[in-house]
Amino acid sequence: MKNFRFFVTYAIVFLSLSLVVTFLVSQPYGNEYTFTLTTGPQGGIYNPLGKTIGEVIESTFPELKVEVNPSNGSLENIERMKSGEANLAIVQNDIPGPSRIRTIAPLYRETLHILVRRDLPLREFRELDGHRIAIGPENSGTVNLFYRLLSHFGLTDQSVEIIHMDNME
């Protein structure tokens, strides 16, 4: 846990400094600039992380203001970036974006855990066929990854019963 905290702290500092340099270089000196950071669902881990990033930037550079907005997840964040609604987004690292969107810094490695009830004799992903599966909210990176896994293992969203749940359920 100590290594994880160190890594997150390092990532926040690195990301914050990268953002600050980018925005300061592109803005006339002395002007106040507000940019929007779109994060993830309320109750998830990305929204508090985004708030922390915003606090670090604002405390270090008072002329920069960060507006942190929660979202349903990575796919919505990409859309907000494409539309200009957001200047910065936290996005799951396996979500493709258009060529004009760039990765500044990976925060950490994404993993997907698949948990099954102990009384089910499932040992492989393919054995999920015909079962009810609870996954994250629509437009989240988790859902996108899960659909790609279904396809990879020869399953479809018709071969399983999918229940979308928010992060608080």
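## Helices, a sheet and a pocket in a predicted model

Trainee: How many residues does helix α4 have, and what does it reach from its first C-alpha to its last?
Mentor: This is a predicted model. Helix α4 covers residues 141-152, which is 12 residues. At 1.5 Å a residue, the expected reach is 16 Å. The helix comes close to that, with a reach of 16 Å.

Trainee: Which residues of α4 are buried?
Mentor: Buried means under 20% relative accessible area. In α4, the residues that count as buried are Gly141, Val143, Asn144, Leu145, Phe146 and Leu150.

Trainee: What covers those buried residues of α4?
Mentor: Look for elements in contact with them. The cover includes a helix and two strands: α3 (74-83), β4 (132-135) and β5 (161-164).

Trainee: Which residue with a positive phi follows α4?
Mentor: Check the backbone after the helix ends. The phi there is near 75°, and the residue is Gly154.

Trainee: How many helices and strands are in the chain, and in what order do the elements run?
Mentor: Count each kind. The chain has four helices and five strands. Now read from the N terminus on: the order is α-β-α-β-α-β-β-α-β.

Trainee: In what order do the three strands of the open sheet lie?
Mentor: The pairing in this sheet is parallel. The edge strands, each pairing on one side only, are β2 (64-69) and β3 (88-89). The order is β2-β1-β3.

Trainee: How many bridges join β1 to β3, and which residue of β3 stands opposite Thr38?
Mentor: Strand β1 spans residues 33-38 and runs parallel to β3. Two bridges join them. Opposite Thr38 in β3 stands Ala89.

Trainee: What angle does the direction of helix α2 make with that of β2?
Mentor: Helix α2 holds residues 46-60 and packs on the sheet. It touches β1 and β2. Its direction and that of β2 make an angle of about 175°.

Trainee: Is Thr52 buried, exposed or partly exposed?
Mentor: Thr52 sits in helix α2. Its C-alpha is 9.7 Å from that of Val68, 16 residues away in sequence. The cut-offs are under 20% for buried and over 50% for exposed. Thr52 has 31% relative accessibility, so it counts as partly exposed.

Trainee: Which elements do the buried residues of α3 pack against?
Mentor: Start with the residues themselves: Ser74, Glu76, Asn77, Ile78, Arg80 and Met81 are the buried ones. Just after α3 comes Gly84, with a positive phi of about 85°. The buried residues of α3 pack against β1, β2, β3 and α4.

Trainee: Which elements give two or more residues to the lining of the largest pocket?
Mentor: The largest pocket holds about 1100 Å³ of space. It is lined by 39 residues, and the closest to its centre are His113, Ala134, Ile135, Gly136 and Thr142. The elements that give two or more residues to this lining are β4 and α4.

Trainee: Why does Asn93 count as partly exposed?
Mentor: Asn93 lies in the loop between β3 and β4. Leaving out residues up to four places away in sequence, it touches Tyr108, Arg109 and Glu110. Partly exposed falls between 20% and 50%. Asn93 is partly exposed because its relative accessible area is 48%.

Trainee: How far apart are the C-alpha atoms of Glu127 and Leu155?
Mentor: Glu127 is in the loop between β3 and β4. It is partly exposed, at 32% relative accessibility. Along the chain, Glu127 and Leu155 are 28 residues apart. Their C-alpha atoms are separated by 9.7 Å.

Trainee: Is Val160 buried or exposed?
Mentor: Val160 is in the loop between α4 and β5. Beyond four places in sequence, it touches Leu128, Asp129, Gly130, His131, Ile133 and Leu150. Its relative accessibility is 6%, so Val160 counts as buried.

Trainee: What percentage of the residues in the chain is buried?
Mentor: Take the whole chain, 169 residues. The buried residues make up 35%.

Terms used
Residues are numbered from 1 along each chain as its sequence is written. This is a predicted model: local features need pLDDT of at least 70, side-chain atom pairs count only at pLDDT 80 or more; totals for chains, interfaces and linings use all residues. Side-chain values use heavy atoms; hydrogens and water are left out. The expected span of a helix is 1.5 Å times one less than its number of residues. Buried means under 20% relative accessible area, exposed over 50%, partly exposed in between (1.4 Å probe, protein chains only). Contact means heavy atoms within 4.5 Å. Two strands pair if DSSP finds at least two bridges between them. Axes are lines fitted to C-alpha atoms, for helices over the stretch in contact, and angles run from 0 to 180 degrees between N-to-C directions. On a 1 Å grid over the protein atoms alone, a cavity is a set of points where a 1.4 Å probe fits but cannot get out, and a pocket is an open set with protein on both sides within 12 Å along at least five of seven lines; lining residues have an atom within 4 Å of a point. Grid points are joined across faces, edges and corners, and a volume is the space filled by probe spheres set on the points.
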